[in-house]
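Hi! Here is the structure I promised to pass on to you. Have a look at it first, and then read on for what turned up.

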Amino acid sequence: MFLTLKNKEAQIAVIGLGYVGLPLAIEFGKLFRVVGFDVNTHLITLLKEGINPDTELPDASIADSSVHFTTDTDQLKACQFFIVAVPTPVDEHKVPDLSMLRAATATVASCLKKGDYVIYESTVYPGCTEEICLPILEEMSGLQVNTDFKLGYSPERINPGDELHTLRNVIKIVSGSDKESLEEISQIYSSVVEAGVFRASSIKVAEAAKILENTQRDLNIALMNELSIILDRMQVNTYEVLEAAGTKWNFHKYSPGLVGGHCIGVDPYYLTYKALELDYEPTVILSGRKVNDSMAYYVAKRCIQQLIASGKNLTDSKILVLGITFKENVHDIRNSKVADLVNELLSFGLHVDVTDPKADDAEVFHEYGFHISESIEHVYDAIILAVPHAEYVRKQESDFVALAAENCIFIDIKGVFRNKISTLNYWSL
Ligand SMILES: NC(=O)c1ccc[n+]([C@@H]2O[C@H](COP(=O)([O-])OP(=O)(O)OC[C@H]3O[C@@H](n4cnc5c(N)ncnc54)[C@H](O)[C@@H]3O)[C@@H](O)[C@H]2O)c1
């Protein structure tokens, strides 16, 4: 497969051109013939015009790319190496929603031929690729894995907003349905990932590794969040404790915060879903999720308690929330826990203004039902630095003081202004 791709006799198809699929298609497009397929017609129109829908990619990368963008499944029939990178969210009951994965798999199955490869990049629970996707591929195509086509799984490790860790310079886990496919898949991915690949012993191992990476992070943050709640009751600042404990050689550095987005706050539910199916109750993982999912409400509660303690009348109080995206320096607002914080404050009848230099107002309104304030016209009784975008971190105390009413509370969720705020009532997780 590698040689036929290299000689441009075969083509790669990337199914799903989002945060994961688009950069992958662009990278592969530098070496191979690539078809980029998505069901979103507006997205494909933009990409065809060379317009970058994702600000994390260099603007020229789309216009300069040789990738053939399409919504037409017929164009996939000429491809031999299919990479699936569609969303795998959870539903309102925190149950894996595999509808897009199934639909994308059906699209691939309708084009599958002898000799083809199908690689999944979507984050799933261990076993999903072989238990859910493989039967669709086999039944719809009438072909058999390994005899007629090969299967693989290669999880994505991109970290939104992180310019240091990219597709090219982070080791990529690869796996295949047999020895031959593992070698071919390794060779193909190695051609774009300079850091090299790690050959997992099976598809299940590769799936589990991805889920473990994010579950470990989720749980460690949950521990810091719980610690923060306990220390706050003793009026001890968590970051001072972390600084002291961090001097030990084997202390792992994690900090408290809101865990939003579509990876860390979602992926553990894929593992817990599978565990429950196997009749095991994953209490540790679910406890961590519960703590992390409650943090926005905890911050809202502490904000209100402090407003009351400083003699403020709640119905007259004005709150400024800085940042609405799910993490710093990204424009992605999906599953933002800041929205929970804002809505909780609004439910108490407080006046809340939200600003964000990265987020799109229409998207925020569509997703969460409130607007981003175009201009900041008030002085505020509480300023909540919810998302430390670079634009906010560059500010001085005087910038915040200029927006502050008398006796203003400054809530610095991630502790970035610790020891830098002296005239406002400072509080952090
Ligand atoms: N974003 C990240 O940082 C990240 C990191 C690692 C892994 N992942 C995983 O990668 C997968 C993709 O995530 P993402 O963030 O790129 O998603 P995304 O929402 O940014 O993009 C997914 C794209 O898939 C398209 N799509 C949906 N259904 C389709 C279908 N049936 N056929 C073709 N296209 C379809 C959508 O239109 C969208 O453009 C998920 O499983 C996610 O958990 C994401």
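Strand E9 (residues 318-322) and strand E11 (residues 380-385) run parallel and pair over four bridges. If you want a spot to click on, Leu320 has Ile383 as its bridge partner in E11. E9 also has a parallel partner in strand E10 (residues 351-355), and five bridges join these two. There, Leu322 is matched with Thr355 of E10. To get a feel for the path of the chain, follow E9, helix H12 (residues 337-347) and E10: they make a right-handed β-α-β unit. E9 is mostly covered, too, with four of its five residues buried. By the way, keep in mind that this is a predicted model.

Now for another set of strands. Strand E4 (residues 81-84) pairs with strand E5 in the parallel sense, over four bridges. Val84 is the residue that stands opposite Tyr120 in E5. Between these two strands the chain crosses through helix H5 (residues 99-109), in a right-handed β-α-β crossover. On to the next partner: E5 and strand E6 (residues 150-153) pair in the parallel sense as well, again over four bridges. Here Ile119 stands opposite Gly152 in E6. E5, helix H6 (residues 128-141) and E6 make up a right-handed β-α-β unit.

Which way do the side chains of E5 (residues 117-120) point? Tyr117 and Ile119 go one way, Val118 and Tyr120 go the other way, and all of them are buried. That fits a rule you will meet a lot: in a regular strand, side chains alternate between the two faces of the sheet.

Next, helix H2 (residues 21-29). Why can we call H2 largely enclosed by the rest of the structure? Because nine of its nine residues are buried. Among them are Leu22, Ile26 and Phe28, but also Glu27. The cover over these buried residues includes strand E1 (11-15), strand E2 (33-37), helix H4 (60-63) and E4.

There is a ligand to look at as well. Of the 28 residues around the ligand, Gly16, Gly18, Tyr19, Val20 and Ser122 come nearest. Which element gives the most to this shell? It is H5, with four residues. Sorted by class, the shell has 16 nonpolar, nine polar and three charged residues.

Zooming out, the domain assignment gives domain 1 (2-201) and domain 2 (236-428). Their centres, taken over C-alpha atoms, are 34 Å apart. Where the two domains touch, the contact takes 13 residues from domain 1 and 15 residues from domain 2. On the domain 1 side, the touching residues split into eight nonpolar, four polar and one charged.

Helix H11 (residues 283-309) holds two residues worth a click, and one of them is Ile285. Is Ile285 buried or exposed? It has 20 other C-beta atoms within 10 Å, so it is buried; the cut-off for that is 20 or more. Leaving aside neighbours within four places in sequence, Ile285 is in contact with Thr215, Leu219, Pro268, Leu271 and Thr272. Arg168, on the other hand, is 117 residues from Ile285 in sequence and 31 Å from it in space, C-alpha to C-alpha.

The other one in H11 is Ala300. Ala300 has 23 other C-beta atoms within 10 Å, which means that it is buried. Not counting residues up to four places away in sequence, Ala300 touches Leu341, Glu344 and Leu345. Ala300 and Asn343 are 43 residues apart in sequence, and 9.3 Å separate them in space, C-alpha to C-alpha.

Last, a couple of backbone oddities. Lys94 is not a glycine, yet it has a positive phi of about 65°. You will find Lys94 in the loop between E4 and H5. Lys94 counts as partly exposed because it has 15 C-beta neighbours inside 10 Å. Asn407 is not a glycine either, and its phi is positive at about 65°. Asn407 has its place in strand E12 (residues 404-412). With 14 other C-beta atoms within 10 Å, Asn407 is partly exposed.

Have fun clicking around!

How values were computed
Residues are numbered from 1 along each chain as its sequence is written. This is a predicted model: local features need pLDDT of at least 70, side-chain atom pairs count only at pLDDT 80 or more; totals for chains, interfaces and linings use all residues. A residue is buried if 20 or more other C-beta atoms lie within 10 Å of its own, exposed if 12 or fewer, and partly exposed in between; C-beta atoms are placed from the backbone. Two strands pair if DSSP finds at least two bridges between them. A crossover is right-handed if, with the strands pointing away from the viewer, the path from the first strand over the helix to the second runs clockwise. A residue is near a molecule or strand if its C-beta atom, placed from the backbone, lies within 6 Å of it. Ala, Val, Leu, Ile, Met, Phe, Trp, Tyr, Cys and Pro count as nonpolar, Asp, Glu, Lys and Arg as charged, and the others, Gly among them, as polar. Two residues are in contact if their C-beta atoms, placed from the backbone, lie within 7 Å. Domain bounds come from an automatic or database domain assignment.
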